[in-house]
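Trainee: Could you take me through one part of this model at close range? I would like to follow a sheet strand by strand and then look at what surrounds it.

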Amino acid sequence: MALSKLRQPLLALVLLTAPLASLQAEVLDRVAAIVNDDIVLASELDQRLELVRQQIGAREETRLPPEDVLRQQVLDRLILENIQLQIAERQGIRVSDRQLNEALNRIAAQNNLTLEQFREALIAEGQDYALAREQIRREILLTQVQQSSANRRISVSEQEVQSFLNSELGQQQVQAEFQLRNILFALPENATPEMISQAEQKAADARRQLVEGTPFAELAIAVSNAPNALQGGELGWRRESELPEALARAISKLSPGEISQPVRTPGGFHLLLVEDKRGGKVQLVEQTKVRHILLSPNEIRSGEQARRLINDLYQRLREGQPFDELARRYSDDAASGSQGGDLGWTQNGQMVPEFEQVMNSTAKGEISEPFESRFGWHILQVQDYRTQDLGEEMLTSQARSSIRQRKFTEELSNWLREIRSQAYIERKI
């Protein structure tokens, strides 16, 4: 299966993780930068540079910036990643094989592949599957340390939730989403008036280039100081309420294809491109009332023993023994087991994929055959279906999530700036 037939997210991943024949030459034993007690090697910089070139080259109508500009952008990214990985090491943050395998399965599924097909697709193109796995592990680790560090600085009160729901922005949160790209001209915390004026002028000049036809992604790679610069400034889908207020105001009246005027925030001057826009308010949710029995392998029960016991319980259920009695006696899910296996009303996204797949394919009143998830062996029974209006509950949940996401975006930017300013960095090339 050629990679050209795969969806773009996988292609981008492959290009970011692929070892290159041209990089199989002798590794340069030079230091590109000293970062605290660690280093970034010139060979690491050269490899990432080549991979970024390929990634940019895979995008249509995106030209590479000058070599010196691209090299500094990539070195800046490697330095910041290095600092974060050092923090993860100190905090004992790890990515388990289970987490990694789940991420790989999601990537494969997004491209309509099984994990084995995903692996074969990489190998068929001459890529190193083990290296791809480790790069994905690194990305997950970076995400975890960012979430851990930024979320510690965030709290959301009930008063904030109510104020948000009563605000005009809160009322709009489920009405519109924007697919965005951004360019940031960053400012230090104690920027002088001259520095502010220069950054504003750079933003104005960049907007003029964009209006004259320079591709947004191309310019973002060349000039943006945002963490997503090398991804062409891609932000994905965001609600207005998930953005700092100044940015939300700037895009609120923009149509797809339009670019904002330079927007000032504490972090600098932003340019935003609205690539697409979608709306809709969802309140009616399909729910399933379900109960289950779970048998998990443990110190005294092997996986095979759990499988045999779950098959025995399944046979007893078919013979008419009450589900709730067997759940109370045998289920390893203590919370639901004490309730006869009752999980209450659930909806898609709440359970692991294996459970949801069986639940959604089981008719009302039926008992499923035994199946396995990462928690162990299950039997489930679908008791009822309903369509529930969760409007108020969803609005409250979405409001809390939006406030946290907005604060996370702000705190992550602040945190990244802080750890960089506190680190000892010495560039060697």
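Mentor: Gladly; we will start with the whole chain, move to one sheet and its helices, and finish with a few details elsewhere.

Please keep in mind that this is a predicted model. The chain holds 16 helices and eleven strands. Of its 429 residues, 45% are buried. Its accessible surface comes to about 22,700 Å², and carbon and sulfur atoms account for 46% of that area. If you take the contacts with a separation of 6 or more, 73% of them are between residues 24 or more positions apart.

Now to the sheet itself. Four strands form an open sheet in the order β4-β3-β6-β5, and their pairing is antiparallel. At its edges you will find β4, residues 234-239, and β5, residues 263-265, each of which pairs on one side only. On average, strands that are neighbours in this sheet are turned by 45° against each other, with direction ignored.

Let us look at the pair β3 and β6. Strand β3 covers residues 177-186 and strand β6 covers residues 268-278; the two run antiparallel and are joined by ten bridges. A handy place to set your view is asparagine 182, which stands opposite leucine 272 in β6.

Two helices lie across strands of this sheet. Helix α9, made of residues 193-211, lies across β3, β5 and β6, and it runs at about 35° to β6. Helix α10, residues 216-223, lies across β3 and β6; here the angle of about 35° is to β3.

Once you have that picture, two other places are worth a visit. In strand β7, residues 284-295, you will come to glutamine 287. This glutamine 287 has a relative accessible area of 6%, and because the cut-off for buried is under 20%, glutamine 287 counts as buried. Its side chain has polar contacts with two other side chains: one with glutamine 347 at 2.9 Å, and one with arginine 386 at 2.8 Å.

The other place is helix α3, residues 67-91. Its 25 residues reach 36 Å from the first C-alpha to the last, close to the 36 Å expected at 1.5 Å a residue. Just after α3 comes glycine 92, which takes a positive phi of about 70°.

To go back over the sheet on screen, begin at the edge strand β4, follow the order β4-β3-β6-β5, and then bring in α9, which lies across β3, β5 and β6.

Technical notes:
Residues are numbered from 1 along each chain as its sequence is written. This is a predicted model: local features need pLDDT of at least 70, side-chain atom pairs count only at pLDDT 80 or more; totals for chains, interfaces and linings use all residues. Side-chain values use heavy atoms; hydrogens and water are left out. Two strands pair if DSSP finds at least two bridges between them. Axes are lines fitted to C-alpha atoms, for helices over the stretch in contact, and angles run from 0 to 180 degrees between N-to-C directions. Contact means heavy atoms within 4.5 Å. Buried means under 20% relative accessible area, exposed over 50%, partly exposed in between (1.4 Å probe, protein chains only). A polar contact is a pair of N or O atoms within 3.5 Å; within protein, one must be able to donate a hydrogen and the other to accept it, and residues adjacent in sequence count only if both atoms are side-chain atoms. The expected span of a helix is 1.5 Å times one less than its number of residues. Accessible areas come from the Shrake-Rupley method with a 1.4 Å probe; for residues, only the protein chains shown count as cover.
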